[in-house]
Amino acid sequence: MEKYKMTKKEKVIRNIKTNYEQMERSFVEQLAMRHDIHGTAIGTHREELWEQIFEMIIPKKFVLKFG
């Protein structure tokens with residue numbers, strides 16, 4: 001049986017997919033983080049995380065204003 005060799009384009013697409021999946025897992029884990037003592041700090045962290053997410057998915061031609 002011949003071993004299949006991925007093209008450069010397929011490798012790039014695989015890497016993009018893998019990176020996205022890792023980023024997604026990280027965001028989900030951070031959003032689900034619980035901490036009973038510092039609720040305000042966790043809330044601020046979640047707001048900053050959402051800001052990062054929006055900045056990644058919304059085209060740069062749009063201005064995002066948080067605050």
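**Legends for a two-helix chain**

**View 1. Burial across the chain.** Just 6% of the chain's 67 residues count as buried. Please keep in mind that this is a predicted model. About 6,600 Å² of the chain is exposed, and 59% of that area is supplied by carbon and sulfur atoms.

**View 2. Helices and overall dimensions.** Two helices and zero strands make up the count of such elements in the chain. The radius of gyration is 18 Å, whereas a compact globule of 67 residues would come out near 11 Å. If you follow the C-alpha trace along its principal axes, you will find spans of about 60 × 35 × 10 Å.

**View 3. The nonpolar surface patch.** Which residues make the nonpolar surface patch of about 760 Å²? They are Tyr-20, Met-23, Trp-50, Phe-54, Met-56, Ile-57, Leu-64 and Phe-66. Two or more residues of the patch come from each of α1 (8-31) and α2 (39-57). The most is given by α2, which brings four residues to the nonpolar patch.

**View 4. A closer look at Met-23.** Here we stay with one member of the patch, Met-23, which lies in helix α1. Is Met-23 buried, partly exposed or exposed? Its relative accessibility is 30%, so Met-23 counts as partly exposed; the partly exposed class sits between under 20% for buried and over 50% for exposed.

**View 5. Charges along the chain.** The chain holds 13 positive and 10 negative charges. The mean position of the positive charges and that of the negative charges are 9 Å apart.

Terms used
Residues numbered from 1 in each chain as written. Predicted model: local features only at pLDDT ≥ 70, side-chain atom pairs only at ≥ 80, totals over all residues. Heavy atoms only, no water. Rg over C-alpha atoms; globule rule 2.2 N^0.38 Å. Buried < 20%, exposed > 50% of the residue type's maximum accessible area, 1.4 Å probe, protein only. Areas by Shrake-Rupley, 256 points an atom, 1.4 Å probe, with all protein chains shown as cover. Lys, Arg positive; Asp, Glu negative; His and termini not counted. Charge placed at Lys NZ, Arg CZ, Asp CG, Glu CD. Patch = residues over 30% accessible without salt bridge, like charges linked within 9 Å, V, L, I, M, F, W, Y side chains within 5 Å. Salt bridge = Lys/Arg side-chain N within 4 Å of Asp/Glu carboxyl O.
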